[in-house]
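Me: Please take one side chain from a salt bridge in this structure and look at it closely. Then follow its surroundings outwards, in one connected account.

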Amino acid sequence: KMPALHIEDLPEKEKLKMEVEQLRKEVKLQRQQVSKCSEEIKNYIEQRSGEDPLVKGIPEDKNPFKEKGSCVIS
């Protein structure tokens with residue numbers, strides 16, 4: 001098993017190398033405006049809301065978490 005790597009234990013030069021590597025990866029990412037992405041997410045959710053069990057509920061006969069029976073103590 002490999003030991004856990006703690007950034008604070010690395011020399012400053014290694015920390016800076018890791019940061020540069022990360023920035024190089026991030027600069028290649030395609031970025032989009034939040035307003036455009038949020039509109040797309042909203043549309044995606046609205047289109048699928050009819051299929052979402054959290055919105056429309058689960059039919060009693062298909063609910064795996066429905067209690068099978070109950071116990072009453074009187």
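Reply: Glu40 has a relative accessible area of 41%, so this residue counts as partly exposed (20% to 50%; buried is under 20%, exposed over 50%, with a 1.4 Å probe and protein chains only). The model is predicted: local features need pLDDT of at least 70 and side-chain atom pairs pLDDT 80 or more, while totals for chains, interfaces and linings use all residues. Numbering starts from 1 along each chain as its sequence is written, and side-chain values use heavy atoms, without hydrogens or water.

The partner of Glu40 is Lys36, and the two side chains meet in a salt bridge with an N to O distance of 2.9 Å (a Lys or Arg side-chain nitrogen within 4 Å of an Asp or Glu carboxyl oxygen). Lys36 is also partly exposed, at a relative accessible area of 44%. Both Lys36 and Glu40 belong to helix 2, where four residues, about one turn of the helix, separate them (helices are DSSP runs of H or I, at least four residues, and strands runs of E, at least two, numbered from the N terminus). Helix 2 itself covers residues 34–48.

A second pair sits in that helix. Lys42 forms a salt bridge with Glu39, and here the closest N and O atoms are 3.8 Å apart. Lys42 and Glu39 are three residues apart in helix 2, again about one turn. Lys42 is partly exposed at 41% relative accessible area, and Glu39 is partly exposed at 40%. Side chains of opposite charge can pair when their charged atoms come close.

The whole structure contains three salt bridges. Outside helix 2, Glu14 forms a salt bridge with Lys17, with 3.9 Å between the closest N and O atoms. Glu14 and Lys17 are about one helical turn apart, because three residues separate them in helix 1. Their relative accessibility is 33% for Glu14 and 42% for Lys17, which makes Glu14 partly exposed and Lys17 partly exposed as well.

Helix 1 runs over residues 12–27 and contains Glu21, a residue that is partly exposed at 48% relative accessible area. Met18 is in helix 1 too, and its relative accessibility of 34% places Met18 among the partly exposed residues. Between helix 1 and helix 2 there is a loop that holds Gln30. Gln30 is exposed, at 72% relative accessible area.

The UniProt record, an unreviewed entry, places a "coiled-coil region" at residues 13–47 (such annotations may be inferred rather than shown by experiment; feature names are shortened and positions follow the numbering used here). In the model, residues 13–47 are 83% helix and 0% strand, and 50 Å separates the C-alpha atoms at the two ends of the span. The unreviewed UniProt entry also lists "domain: G protein gamma" at residues 6–74. That span is 51% helix and 0% strand, and its end C-alpha atoms are 59 Å apart.

Two further distances relate helix 1 and the loop to later parts of the chain. Glu21 and Glu60 are 39 residues apart along the chain, and their C-alpha atoms are separated by 53 Å. From Gln30 to Ile73 the C-alpha distance is 62 Å, over a sequence separation of 43 residues.

To return to the starting point, Glu40 is paired with Lys36 at 2.9 Å, one turn or so along helix 2.
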